[in-house]
Amino acid sequence: MNQFSVVSGKVVDELLQGGERQVIDRVRAAYLLHAAGNSINPDSYFLRFPDKPDSRIIALPAYLGGDVDVTGVKWISSFPKNTAVGLPRASAVLVLNDYGTGFPFAVLESAAISAARTAASAALAACTLATRPPATVGVVGGGPIARTICRYLRNSGTPLNQVRCHDLDETAASALSLHLAEAYGSQAAVASLDEALQCDVVVLATTALAPYIPAEQALRPGQLILNISLRDLAPELLLSVNNVLDDVEHCLKADTSPHLAEQLTGNRTFVTGTLADVINGTVRPAPDRPTVFSPFGLGVLDLAVGHYVYTRAAEADKLLDIPDFFGGAR
């Protein structure tokens with residue numbers, strides 16, 4: 001009989017805390033498996049609503065080979081107005097399917113898994129692409145994703161000594177700076193957008209639907225922009241930087257800043273390569289240029305982190321088994 005289990009958000013949170021380096025390792029391995037063709041990662045599917053243009057629900061189906069050898073789908077919603085009534089912006093579930101039979105064997109609360117894989121991707125990029133340890137870090141966007149990215153940056157060795165926090169909601173920026181000071185002893189402060197953008201490493205973690213950082217914004221050689229929210233930068237800015245993506249085909253769609261740059265130029269010559277290319281040594285970003293890392297967010301990363309959480313939950317006897325979940329045994 002096929003078994004089916006649930007992993008609650010509380011358990012997911014418990015198992016991810018303290019496992020940041022292991023999660024980064026799994027995200028790194030997933031990128032390399034994907035680059036080697038040992039994965040299937042079709043387009044994400046967006047469910048949008050005419051009367052709620054800022055809201056969406058996305059399905060990310062994928063298969064990841066190697067030691068993981070699992071398939072599944074993340075179903076994640078983003079409703080930014082939730083925060084006005086005290087609810088998280090994002091909510092998600094991850095379904096894991098057995099590759100041999102196709103049967104789902106687990107469903108995991110996945111908001112934390114999604115945040116962890118996003119943050120691990122950013123931290124891996126910082127470790128791989130930064131030319132030196134940053135003296136200053138700028139964070140644009142003060143929500144849970146920004147907090148998680150900061151946690152992963154620090155646990156991967158990126159110092160958070162001087163942090164400049166900016167958000168359109170100054171309360172959110174203040175809360176983030178207070179959190180960083182209390183959690184890591186950072187000298188963190190609320191800053192203007194320009195002050196945040198002048199830092200050695202800049203994290204863009206907003207819900208922006210269109211670019212607001214103008215083409216005239218000065219970026220300097222050696223500066224690293226972690227373009228996590230993807231739609232903050234004017235496309236013209238990307239024409240004079242090292243553009244490192246997680247996946248070229250996936251990133252050049254849905255009106256991301258790189259996609260707008262492709263539409264602007266009519267080509268992809270501005271793309272330097274993927275993060276896996278840099279890890280493998282087949283691409284070397286030019287040291288005399290700023291570097292922008294733009295990750296679209298691949299479903300294979302959710303599988304990598306979800307499988308890690310599921311395995312740890314099974315080892316800790318924290319799976320909630322659902323007997324007789326499948327009605328037809330034969």
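These are my notebook entries on a predicted model of one protein chain.

**Entry 1: the whole chain**

I began with the overall make-up, and I found 10 helices and 16 strands in the protein chain. Next I looked up the radius of gyration, which is 20 Å. The globule rule gives 20 Å for 330 residues, so the chain is as compact as a globular protein of that length. Along the principal axes, the C-alpha atoms fill a box of roughly 65 × 45 × 45 Å.

How many of the residues count as buried? I noted 50% of the 330 residues. For the surface, I wrote down about 14800 Å² exposed by the protein chain, with carbon and sulfur atoms supplying 53% of that area. I also checked the contacts with a separation of 6 or more, and 69% of them join residues 24 or more positions apart.

**Entry 2: aromatic pairs**

Then I went through the rings, and the count came to seven aromatic pairs. One of them is Phe4 with Phe326, an edge-to-face pair at 6.0 Å centre to centre and 90° between the planes. Which parts of the chain does this pair link? I placed Phe4 in the segment before β1 (5-7) and Phe326 in the segment after β16 (320-321), so to speak two distant parts, 322 residues apart. Phe4 is buried, and Phe326 is buried too.

My second pair was Phe49 with Phe79, which is tilted, at 5.8 Å centre to centre and 55° between the planes. Phe49 lies in strand β3, while Phe79 sits in the loop between β5 (70-78) and β6 (90-98), so this pair ties together parts that are 30 residues apart in sequence. Are these two buried or partly exposed? Phe49 has a relative accessible area of 23%, so I list it as partly exposed. Phe79 has 19%, and because the cut-off for buried is under 20%, I list Phe79 as buried.

I closed this entry with a cluster: ring pairs link Phe4, Phe103, Phe325 and Phe326.

**Entry 3: a nonpolar patch**

I stayed with strand β3 (residues 45-49), where Leu47 lies. Leu47 is partly exposed, with a relative accessible area of 38%. Which residues form a nonpolar patch on the surface with Leu47? They are Trp75 and Val93, and the three together have about 250 Å² of accessible area.

**Entry 4: Leu32 and its contacts**

I turned to helix α2 (residues 20-35), which holds Leu32. At 23% relative accessibility, Leu32 counts as partly exposed. What does Leu32 contact, leaving aside its neighbours within four places in sequence? I found Ala276, Ile279 and Asn280. I also looked up Leu275: Leu32 and Leu275 are 243 residues apart in sequence, yet their C-alpha atoms are 9.1 Å apart in space.

**Entry 5: helix α8 and the loop before it**

Next came helix α8 (residues 257-265), where Ser257, Pro258, His259, Ala261 and Glu262 are buried. What covers these buried residues? The cover includes β13 (242-245), α7 (248-251) and β15 (291-294). Just after α8, I noted that Gly266 takes a positive phi of about 75°.

I stepped back to the loop between α7 and α8, where I found Thr256. Thr256 is buried, with a relative accessible area of 0%. Not counting residues up to four places away in sequence, Thr256 touches Leu230, Arg231, Cys251 and Phe296.

Ala254 is found in the loop between α7 and α8 as well. Unlike buried Thr256, Ala254 is partly exposed, with a relative accessible area of 29%.

**Entry 6: positive phi outside glycine**

I kept Ala254 on the page for its backbone. Why note a positive phi here? Most residues other than glycine have a negative phi. Phi of Ala254 is near 60°, a positive value.

Asp69 went on the page too, with a positive phi near 50°. Where is Asp69? I found Asp69 in the loop between β4 (52-64) and β5. At 36% relative accessibility, Asp69 counts as partly exposed.

Methods. Residues are numbered from 1 along each chain as its sequence is written. This is a predicted model: local features need pLDDT of at least 70, side-chain atom pairs count only at pLDDT 80 or more; totals for chains, interfaces and linings use all residues. Side-chain values use heavy atoms; hydrogens and water are left out. Patches are made of residues with over 30% relative accessible area and no salt bridge: like charges are joined within 9 Å, nonpolar side chains (Val, Leu, Ile, Met, Phe, Trp, Tyr) within 5 Å. Accessible areas come from the Shrake-Rupley method with a 1.4 Å probe; for residues, only the protein chains shown count as cover. A salt bridge is a side-chain nitrogen of Lys or Arg within 4 Å of a carboxyl oxygen of Asp or Glu. Helices (H or I, at least four residues) and strands (E, at least two) are DSSP runs, numbered from the N terminus. Buried means under 20% relative accessible area, exposed over 50%, partly exposed in between (1.4 Å probe, protein chains only). Contact means heavy atoms within 4.5 Å. Rings of Phe, Tyr and Trp (its six-membered ring) pair if their centres lie within 6.5 Å; planes under 30 degrees apart count as stacked, over 60 as edge-to-face and the rest as tilted. The radius of gyration is taken over C-alpha atoms; the globule rule is 2.2 Å times the number of residues to the power 0.38.
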